[in-house]
Amino acid sequence: ESIFGGFMQSFDQSLQDMVQGVVSGTIEVYNTVAKELLPTPVRFVYQFNLRDLSKVFQGMLMVTPAKIRDSETLARLWLHETQRVFYDRLINIQDQEWFEGLACDLLARNLQQ
């Protein structure tokens, strides 16, 4: 939270207020995916680790204040990065739909979107 919060200091105050939600939502995505989507012989690529968590923030840290002007855009960036890191590795429709539901729930709860 401190690294992402420090990065967000140059952004608008309304976006700085979203730091806790972004961090909480990202951690919850990781914890839920790691717990619910366990690797099997068919789903052997479902091995999630803390590197995946850092990849979400790495992607978010590449944006500039000129590109993110409102909370909706920051929420869309967060959704894009979580999908890039987690959703893109899911191999079937059921898991993809499950992730979409999880992401929508976390957007509503943590980012008020």
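With 113 residues, this protein would have a radius of gyration near 13 Å if it were a compact globule, and its actual value of 14 Å agrees with that. Keep in mind that what you're looking at is a predicted model. The fold is built from 6 helices and 0 strands, so let's walk through it by topic.

**Overall build**
- Follow the chain along its sequence and you'll meet the pattern α-α-α-α-α-α.
- The C-alpha trace spans about 45 × 25 × 20 Å along the principal axes of the protein.
- Take the contacts with a separation of 6 or more: 69% of them join residues 24 or more positions apart.

**Inside and outside**
- Of the 113 residues, 42% are buried.
- The accessible surface adds up to about 6500 Å².
- Carbon and sulfur atoms own 54% of that surface.

**Charges**
- There are 10 positive and 14 negative charges in the protein.
- If you take the mean position of each set, the two points end up 7 Å apart.

**Aromatic rings**
- Searching the whole structure turns up 7 aromatic pairs.
- One of them is Phe-4 with Phe-7, a stacked pair.
- A pair of aromatic rings is described by the distance of the centres and the angle of the planes.
- For Phe-4 and Phe-7, that works out as 6.5 Å centre to centre and 25° between the planes; the pair counts as stacked because planes under 30 degrees apart fall in that class.
- Both Phe-4 and Phe-7 sit in helix 1, which covers residues 2-7.
- Phe-4 and Phe-7 are 3 residues apart, or about one turn of the helix.
- Phe-4 has a relative accessible area of 4%, so it is buried.
- Phe-7 has a relative accessible area of 23%, so it is partly exposed; the cut-off to remember is that buried means under 20%.
- Elsewhere, ring pairs tie Tyr-46, Phe-48, Phe-86, Tyr-87 and Phe-99 together into a cluster.

**A residue to look up: Asp-52**
- You'll find Asp-52 in helix 4, which runs over residues 50-60.
- Is Asp-52 buried or exposed? With a relative accessible area of 4%, Asp-52 is buried.
- Leaving out residues up to four places away in sequence, Asp-52 touches Gln-47, Val-85, Phe-86 and Arg-89.
- Phe-86 turns up in two places here: Asp-52 touches it, and ring pairs link it into the aromatic cluster.

Definitions and conventions: Residues numbered from 1 in each chain as written. Predicted model: local features only at pLDDT ≥ 70, side-chain atom pairs only at ≥ 80, totals over all residues. Heavy atoms only, no water. Helix = DSSP H or I, 4+ residues; strand = E, 2+ residues; numbered from the N terminus. Rg over C-alpha atoms; globule rule 2.2 N^0.38 Å. Buried < 20%, exposed > 50% of the residue type's maximum accessible area, 1.4 Å probe, protein only. Contact = heavy atoms within 4.5 Å. Areas by Shrake-Rupley, 256 points an atom, 1.4 Å probe, with all protein chains shown as cover. Lys, Arg positive; Asp, Glu negative; His and termini not counted. Charge placed at Lys NZ, Arg CZ, Asp CG, Glu CD. Phe/Tyr/Trp six-rings, centres within 6.5 Å; stacked < 30°, edge-to-face > 60°.
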